[in-house]
Structure formats: C-alpha cells, structure tokens
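Work through these exercises with the structure open beside you. Each task is followed by a stepwise solution.

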Number of protein chains: 2
Amino acid sequence: MFPPVKIVLSPRRPRQRGAGTQRLSASFVFNTHARDGAARAGEISTPRGNIRTPAFMPVGTAATVKATHPRDVRALGADIVLGNTYHLMLRPGAERVAALGGLHTFMNWPFPILTDSGGFQVMSLSKLRKLDENGVTFQSHIDGSRHVLTPERSMQIQDLLGADIQMQFDECVRMPCSPAEAERAMRLSLRWAERSRKAFGSQPGRAAFGIVQGADVPALRIESAKALADMDFHGLAIGGLAVGEPQATMLAMIDVVQPHLPEDKPRYLMGVGAPDDIVESVARGVDMFDCVMPTRAGRHGLAYTRFGRVNLRNARHAGDPAPLDPESPWPAARDFSRAYLHHLVKSGEILGMMLLTSINLAYYQELMAGLRAAIEAGGLRDFIAHAKEGWARGEAARRGGA
Amino acid sequence: MFPPVKIVLSPRRPRQRGAGTQRLSASFVFNTHARDGAARAGEISTPRGNIRTPAFMPVGTAATVKATHPRDVRALGADIVLGNTYHLMLRPGAERVAALGGLHTFMNWPFPILTDSGGFQVMSLSKLRKLDENGVTFQSHIDGSRHVLTPERSMQIQDLLGADIQMQFDECVRMPCSPAEAERAMRLSLRWAERSRKAFGSQPGRAAFGIVQGADVPALRIESAKALADMDFHGLAIGGLAVGEPQATMLAMIDVVQPHLPEDKPRYLMGVGAPDDIVESVARGVDMFDCVMPTRAGRHGLAYTRFGRVNLRNARHAGDPAPLDPESPWPAARDFSRAYLHHLVKSGEILGMMLLTSINLAYYQELMAGLRAAIEAGGLRDFIAHAKEGWARGEAARRGGA
C-alpha cells in the first residue's frame, strides 16, 4: 500500500539530435526518432524539461489541473500541462501572475506549459462578443467586466504567464457552418497568425504555434496549412475540430492537412479527445493532444480504463470488491474497490473526484506511453487494434467472469 | 519540490509496558509514559497500529476524510481516524461494508478506526425522531427511509464496520437545557451504556468506550463518570460538550469529571475542537480528540496555522507570494503561495480545498506532536503559552513585516 511515487524532478537531458531534428532556437528542439506509417515518436526539448511525443497535455484551466495535486499530475506521467489564457486573464489576471513569478511558480509546476490564445473560450464562454479585424471585445462570464483580446494582447498575456509554447490568436467557428463563414474565419485567422507571430518575436527556449482552420472544407484546410507552413512558427496546430462534428469528419480533415504540415515541426490537435480519437489521430501523424475529458469525466463519476468507459454511478458497482484495473500502474486504480468509488460518487465526496481524475489521467498517460512504445517497435496497428478490442469487450467480459 | 513523503506502513512495535499500563485485552493496551500536571503522554497499542496520545483523530464521516487521500491522512501524522455510524449505516450500509471486508479495507485505511455510536447525529441530522427507552426511530436525511438505532444495533453496526474503538450508544442533549432534562438523558445514557457494553461482549484487540453525559450540571457529570468507571469499559469519553456552550463551561466540566475517570484508561473529549480548546483540554488530562474543524474549514477557505486562523478569501492575500507557513513540516504549507491559495479559493477549485484541508490537518497533528513532546519534557505550560502567543499575534506581526 501507498508506495512512494517516483517523481522525476530534474529535466532529463535532451537526446542526441538525430536526422529529423530541427534546431528551433537555442533550446526548443523537436526530435523524431521513430516512425510507423504516418505516426512518429519523438521528443520536444525545452529548458523546462522534455516532452515525449505523442504527448497528452492535462488541462490546467485556472492554473490547476482540477482536483489533482501538481505532484500527482507529474507522477501520473505528464511532461506538460495546458493553461487557458481566457480564464487566467480574467482571474487572477496575467499581470498579477507575472508579478508573482509567472505561471510555473504560481501553480507550482516547474515543467513545460502550453497556453492557448483565448480565442476559443471567448467564443464559447464569454458574453456580448464583438469581433472585428482588430480582435474581440467581450464581457467576462465571471463578473461582466469588459475586455479586449487581439493577437498582440493574447501573445502579451501568454508572455506574461511565461508559457513555453504559445498559441496564435485565432477565430474558431462552430460546425456545421457555411463554407463562406469558414473561409472568412480561416482568412482572418491567417492574418491574426502573422500578427501573433510578429508579436511573439524571439523568445529563446519558447515556441509559437500557428493554428490551421477551415472547418470541414478540405480546400480551406489546405490553404490554411500551406500559408502557416510558410510562416516562422515552431509548431502547427489543427484547430476547429472536436467541436461537434462526427469523428470521420475530424479524421478526414487530419488526413487532408497532414501532408501540408512541415515534417520537422510538432503537430498539435487541439481539444482532442476520447481515447479512440487520440489513437486514430496518432496514426495520422499527430504529436500533441489536450482535452478536458479525463479530468471532467473524473469529476462526474466516469472512469476511462483499458476496459472502456465505466460509469461508477451505476448500481452494479455497489457491492463489487474489484478495483477498476488491477494491472494499472497507478495505485488508485488498484487499491480502491469499485464499490468504494461508487459510494464516494453517490455521496458526492471530493475524494471520489480526486481518485477518478487521477485514474483517468493515468489511463490517458498509459495510453500515450503505449502508443510511443508501439511506434518505436513498429507495431502501432496491432497496439491500436488491441486497445480498441479492450474498450469494446472489457466490461462485458468482466461481467461474464473473464 | 515534491519530495517523496515518508509513510509508515507497518504498525510500530508496542512500547514496553510500564507502571501505568493496564492490559485491557490480548492486544488493546494503554500505556502512559509521561505526565505534566494533569496532562499525560502515552500510547494506545492495538493490533492495527499504535495511537500516540494526546491524539487528534481526523473525521472520516462517510468513509473518507473529506478531500484527502488516505495516503496523505497517514503522512500528515494521523494514527487513527473516526468514522460515523449514522452516515455509514445509511450509506453504503453496515452489512454492505462488512461484506466488502470491513471499513478498513473499504476505505483503504489499515490503521486504527474509532466509530461513534450514531446517537449524536441521529439528533442533529435525521428527520422525525422518536426516542424511547429502547432506542431511537428516525428517518434518513438522505432518502427519508426509516431506521431504528438501539444500543444493541449501534454496537452491532460498529462490529460490522470492524471498528477498533467502539462507542456506547448515548443521548446527547443540546445546551442550554433544564437540569431535569439533563438528568433524564444522563440516566438513560447510563442504562444504554450497560446494554452497549453487554452487546460489545469480548472482542480481543478492540475496545468499547463509555460516554460521560450530564450537560453543564456538575453533580450529574460526577454521577455519570462514577457509574461508568465501575463498568468494564476500555476507555471513557466526555460527551455532550462543544455543542454551543462557552469554552469556560466546557473546561469546567472537564475539571469536574477528570478526578473521577480511571487513571489507567484513555480519556476522549468528543467533537473538540479549536486548537485553543485542545491545548486547554490536554492540560486537564484529555488523551483523545476528534473534530471536523480542520477539514471543514479547509473546504471553506480557512487555514489553521501557527499564526492563528487565516481566511484565504481575504483580498489582502491576492498578491502575496509568501506561503502560509515557511516552517511547516507539510510541503503544501510551504510550496504554494497565499496568492495561489486565494486564487483557488475564489475560483472554487477543488485543489484549494485539498491543499487547505491538508495544511489544517498538518497543523493539528503538528500541534499534537508538540503537546506530546512538551509533556514528555515537562514543559507543557510554556508550550501552550507559546502557541497562544503565536495565534494571537502571528498574522498581525506578519503584516507589520515581522
């Protein structure tokens, strides 16, 4: 019980740079060392530590990965977390975080941090938005205060926060949308990309990423990717997906975009996703992911495991002494029974949210480690097939006594 | 940052039994090894581990010390936790817990557990109570279901849960109450004490405690203590205090009762208290405490520290980079700034509750360790004076730059 958790405190030494390496700055380096089809395994080296790719970034919206001690976020296998510019600019404020030593110090997470640009959440959360060429004026969802976000201000905020990877300010449209609307937003996002990149300037050891837009229109996606590839970004993201469209649409857009993304820069699929979305996207050459699913699900009684998604609210768990996964590398998945987790969830106990969030993050990171190892071994197809088989039949097999 | 926490997994070997030792059963032994005035320092040995006294027992109401991983409850210094019979009998149910291997296994806490009898919470939480000589009939505050608690059923539930220390079923009256009402309830509690003790029977390695009642009437308290001292309990509790009366009343009742409690049995002051209540009670010979204060306060933005109680909601913390207590033995009190804790509390983040709960439990356990060491060194009076001085001037001194 309760073995001490091994925690890597000092950034590992960067790997020797190989053929696929591009030196992006004095110390921000992306290095791929294995391929399997379109998938690649690699490592991003930064002054704050290395990021093994494909990587899953837990979401630390308001300077905390919800319900999880940063010590555990690290122990669970995260090399990097994501912070939300929109939330942090409203509370506690970017200038305040900067005065307190930056986001790493503030949230006691000394490892790499990526911040989004705020654009997506201005659209999804704020009130009374007004968008024009310059940027977006909006009211805070917290206190109604008025704010302006422009490409320049978004990059300034991300700089104040001290993010290691900073995202361009963009406009993300919801799908379905008309091709004309998709085109307008994509072109605006390209102009904002140029302004964002210029505002980022040169920050040794830090990176700026552009974001491909274009909704579900292949020609727009290709145009966006090509234009961004010609700009001096250190990585490129695919945005505007996982916003309600079918998985097939999302994967088709990755397939369309991928050939036009530079081989030597990391590719980040924003806001994705379910485990099945992740494995399919890794197979299509994506290197980085973020998603609230594991943390949000954990606060709502849902567990992600090798056996698929398990709803702990279900009465069938009430008397079940078995843990969620006796073979998990994470103690909470082994040391607490389904009956206990069910009890905690039904009772609204915070410990239930804590344990399930950690179990979900453990599964996500275990999945990423498995994907990396499979790519290195040239066995990605088999790994994915095996994972899907487990999700599909796992709990059913358990009930049958397997 | 994040040093591995030392966790004691195996129960320590019992001390050599000294002059003050009484062998209560094959393996439940209370041993005092130091005195300072009325205060004593000692150790309760049980098959599940030893309990250093004076001891503070974190409250694990619904089979969880709220917002705290059991690994951390242990690392914070707890030798024993308390479980609530009332809550556990309603959800998940005593028979269910027993079928799942007992409360220790259920909540993944292999160390000693004390359960209350349910009597107090039937009075404070349930609906539509009916009390008679036999026991109490009541409706659950959760789903309105009808239940009966008697001395026999309470002890049966505590046995099903597998508690190491089981409390007699009693009636606790609120103060102020009439002397006649206090007398009626005290005498009923004495009759229930006999039935409880009989129902407990002989359980090697486990203990049954009686509870002194009598409100704020000295003669009733003395009568209750004397009668209970003549029964075959393994420890005695003082109940019905910290229910709204002034501290002076509480301390006066301890002074009245203490000479009539057996020297060789542990004394437990139920539901107490604030740090000041604890130190004053230890000085009067109390060995065990439980209270929701540190955990409840932690969920409401309040921290207990050497500098007194600190309200993290207060705007003066918003830009303060200092930790709550740079000299705390608990990392969370040192590694996170007041500004960050303020941000978490204002944002309603679960991590804020987690960190403050742990900081409070750390302070409580540090206080108990200090009391034990002071008693052993014969310096209790100075220790208490020093602690009170810190509570009174701490934050004021900080603001002044001290």
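## Two domains and their charged pairs

The domain assignment splits chain A into domain 1 (30-290) and domain 2 (299-399). The model is a predicted one.

**Exercise 1. Describe how domain 1 of chain A and domain 2 of chain A meet.**

Step 1. Start with the separation. The centres of domain 1 of chain A and domain 2 of chain A, taken over C-alpha atoms, are 27 Å apart.

Step 2. Count the residues in contact. Domain 1 of chain A gives 32 residues, and domain 2 of chain A gives 25 residues.

Step 3. Turn to area. The size of an interface is often given as the accessible area lost when the parts come together. Here the two domains of chain A bury about 2,300 Å² between them. Carbon and sulfur atoms account for 73% of that area.

Step 4. Find the main contributors. A:L76, A:P275 and A:V279 supply 27% of the area that domain 1 of chain A buries against domain 2 of chain A. No other three residues supply more.

**Exercise 2. Which elements and residue classes make up the side of domain 1 of chain A that touches domain 2 of chain A?**

Step 1. Count the polar contacts. There are eight residue pairs in polar contact between domain 1 of chain A and domain 2 of chain A, with both residues at pLDDT 80 or more.

Step 2. List the elements of chain A that each supply at least two residues to this side of domain 1. They are β2 (29-36), β3 (39-46), β4 (49-53), β5 (55-58), α1 (70-75) and α10.

Step 3. Pick out the largest share. It comes from α10(A), with seven residues.

Step 4. Sort this side of domain 1 of chain A by class. It holds 19 nonpolar, five polar and eight charged residues.

**Exercise 3. How many salt bridges cross the interface of domain 1 of chain A and domain 2 of chain A? Examine the salt bridges of A:K388 with A:E280 and A:D276.**

Step 1. Take the count. Two salt bridges are found across the interface.

Step 2. Look at A:K388 and A:E280. Their closest N and O atoms are 2.4 Å apart. A:E280 lies in helix α10 of chain A and A:K388 in helix α15 (residues 380-399) of chain A, so the pair ties together parts that are 108 residues apart in sequence.

Step 3. Check exposure. A:E280 is buried, because its relative accessible area of 16% is under 20%. A:K388 is partly exposed at 27%.

Step 4. Add the second partner. A:K388 also forms a salt bridge with A:D276, with the closest N and O atoms 3.0 Å apart.

**Exercise 4. Place further salt bridges in the chain, including those of A:R184 and A:D255.**

Step 1. Recall the principle. Side chains of opposite charge can pair when their charged atoms come close. Over all chains, the whole structure has 54 salt bridges.

Step 2. Take A:R184 and A:E171. Their closest N and O atoms are 2.9 Å apart. A:R184 sits in helix α7 (residues 179-200) of chain A, while A:E171 is in the loop between β11 (165-167) and α7, 13 residues away. A:R184 is partly exposed at 35% relative accessible area. A:E171 is buried at 7%.

Step 3. Take A:D255 and A:R284. Their closest N and O atoms are 3.2 Å apart. A:D255 is in helix α9 (residues 247-257) of chain A, and A:R284 is in the loop between α10 (275-283) and β15 (288-291), 29 residues apart. A:D255 is partly exposed, with a relative accessible area of 40%.

Key: Residues numbered from 1 in each chain as written. Chains lettered and ligands numbered in written order. Predicted model: local features only at pLDDT ≥ 70, side-chain atom pairs only at ≥ 80, totals over all residues. Heavy atoms only, no water. Salt bridge = Lys/Arg side-chain N within 4 Å of Asp/Glu carboxyl O. Helix = DSSP H or I, 4+ residues; strand = E, 2+ residues; numbered from the N terminus. Buried < 20%, exposed > 50% of the residue type's maximum accessible area, 1.4 Å probe, protein only. Domains from an automatic or database assignment. Contact = heavy atoms within 4.5 Å. Buried area = accessible area lost by both parts, 1.4 Å probe. Polar contact = N/O pair within 3.5 Å; in protein donor to acceptor, adjacent residues only side chain to side chain. Nonpolar A, V, L, I, M, F, W, Y, C, P; charged D, E, K, R; others polar.
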